[in-house]
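The following exercises concern a ligand site and charged side chains. Please study the sequence and the structure before turning to the solutions.

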Amino acid sequence: MAEEAINNNSSVSDQWGQICSQLKTEVGETAFDSWLKPLTPGSFNDGTVNICVPTRFMRNWVITHYSDRIHKIWEKKNPEIKNVNFIVQSVQEEVHGLYNPTCRSLLKKISSSPAPSNIYQSGINSVIANNNDTSLNDSLSVPLNPQYTFDNFVVGKTNEFAYAAARKVAESRNVSFNPLFLYSGVGLGKTHLMHAIAWHIKQQDPSRNIVYLSAEKFMYKFVRALRYKDTTAFKEQFRSVDVLMVDDVQFMGGKDTTQEEFFYTFNSLIEEGRQIIISADKSPADLEGIETRLKSRLGCGLVADIHPTDFDLRMGILNNKAQQLGIELPVKVAEFLAQKITSNIRELEGALRRVIAHSQLLSDKEITLDMTQDVLKDMLRSYDKRTTIDEIQKKVAEHFNISVKEMQSSRRARTVARPRQIAMYLAKQLTSRSLPEIGRKFDRDHTTVMHAVRKVEELILEDASLAENVDALRRILEA
Ligand code: ADP
Ligand code: MG
């Protein structure tokens, strides 16, 4: 009896409909709309039912996340079902008449409903619209900076490893390290290296499809796709990507849905042997608010960090820039800049640009040390004034009448622990140091710092006298 019912295709559809409503309550509407709604039932044969999935991406995801559940529910409804198969039925194939008869219902769905009324159709329509549209990835990708090439990248001790890794990835025809994960503080050349890889690959083989985008843009696009119920089209965009570069992934911290989507995109591309390059401000293990499984995936290729610059590299960069701009930069001026502006390369370039602009505005006034010191007076003053963690520790310890040694010790007495937490909190607030960096200064790990920051945030709301103390310290440190 059951056999008969199943042999009749409309019954498979009915059962699928029931399964779908159950799944929808189980997984929630968003996940259902993204992953399960686009599936359509196909043929049933010999205990095996075929379900059509529009893309390989989706198929992988559905298999890892939902196939067991689908199988279980179906088996319960109908013991005749022994297997549930997921078959990729690409829309382009169908449209060009190559469709697989198992998935006829999919085509019917498209042709009978010209006006896209649900995500499935809107997803498909955009795929069709974008078929053969080479500009597709231009909109996904952000334009590359023509200055950010390997030729313009000055190599020194602090960045030679990251540079070598980037070159290797750019020059290899086969995927060498996957993913390549670059990390450093701001302004030290991560974005420059990523663009350089992209330029190099493009030059070697213009047909390769390279997508470079920031994690923020990925997030923005994904959230927009969710809002417009267009996640199928979103996923489709990544399907033909040969090289995917995502800059500044630390911005995905705490954004769980985006991370999940990224994790999935990431895995699918890696499985298909596409190259992925990621950058962040911390090592994979130290990324905050990123799921453990994603962290471990990010760290499973080659991880290369760029260290803070040293004097030689700063000199090299200044001379290189001056040469590019055709400017005569006196050694004394270069040395002055390289000694003073140590934070990062972006600021170093900014300082040089200011000096050059000034000399040119004053009808090619010669660049001298005096003039440089004068032009950069304000910048250097605020630069000198930047609060350091050492200073915070010193001032907070003084304020609470303990020693810096005690603050860094393992003592847990409240009289020491509280000032330590306040110092960690202020370090997070007043410096651009990361949690692990702050932790190191206190001989603790980053989770302790994170906990301290949260604790002080809570206490500020509850304890007026503590709030006053923190406020007073902040004023002293910012003065
Ligand atoms: P990040 O992405 O790490 O914040 P960027 O790649 O944006 O840093 O670099 C900041 C600026 O410094 C850019 O203008 C970049 O061209 C320049 N820069 C960084 N590293 C180098 C280098 N090794 N040689 C020349 N310029 C560099
Ligand atoms: Mg960058």
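**Exercise 1: The ligand site**

In this predicted model, α11 (190-204) and α18 (345-361) each supply at least two residues of the shell around ligand 1.

Task: Determine between which domains ligand 1 lies, and describe its surroundings.

Solution.
1. The shell receives residues from both domain 2 (136-306) and domain 3 (319-384), so ligand 1 lies between them.
2. Ligand 1 is surrounded by 18 residues, and among the closest are Val154 and Glu349.
3. Sorted by class, the shell comprises seven nonpolar, eight polar and three charged residues.
4. A backbone N or O atom of Gly187 lies 2.7 Å from an oxygen atom of the ligand. Asn159 places a polar side-chain atom 3.3 Å from a nitrogen atom of ligand 1.
5. Of the 560 Å² that ligand 1 exposes when taken alone, the protein buries 93%.

**Exercise 2: Two salt bridges**

Task: State which helices the salt bridge between Glu26 and Arg69 links, and whether Glu261 and Lys235 are buried or exposed.

Solution.
1. The side chains of Glu26 and Arg69 form a salt bridge with an N to O distance of 2.7 Å. This pair links helix α2 (residues 9-27) with helix α5 (residues 67-77), the partners being 43 residues apart.
2. Glu26 has a relative accessible area of 37% and is therefore partly exposed; Arg69, at 33%, is also partly exposed.
3. Glu261 and Lys235 form a salt bridge whose closest N and O atoms are 3.2 Å apart. Glu261 belongs to helix α14 and Lys235 to helix α13.
4. Both Glu261 and Lys235 are buried.

Key: Residues are numbered from 1 along each chain as its sequence is written. Chains are lettered from A and ligands numbered from 1 in the order in which they are written. This is a predicted model: local features need pLDDT of at least 70, side-chain atom pairs count only at pLDDT 80 or more; totals for chains, interfaces and linings use all residues. Side-chain values use heavy atoms; hydrogens and water are left out. A residue is near a molecule or strand if one of its heavy atoms lies within 4 Å of it. A polar contact is a pair of N or O atoms within 3.5 Å; within protein, one must be able to donate a hydrogen and the other to accept it, and residues adjacent in sequence count only if both atoms are side-chain atoms. Accessible areas come from the Shrake-Rupley method with a 1.4 Å probe; for residues, only the protein chains shown count as cover. Helices (H or I, at least four residues) and strands (E, at least two) are DSSP runs, numbered from the N terminus. Ala, Val, Leu, Ile, Met, Phe, Trp, Tyr, Cys and Pro count as nonpolar, Asp, Glu, Lys and Arg as charged, and the others, Gly among them, as polar. Domain bounds come from an automatic or database domain assignment. A salt bridge is a side-chain nitrogen of Lys or Arg within 4 Å of a carboxyl oxygen of Asp or Glu. Buried means under 20% relative accessible area, exposed over 50%, partly exposed in between (1.4 Å probe, protein chains only).
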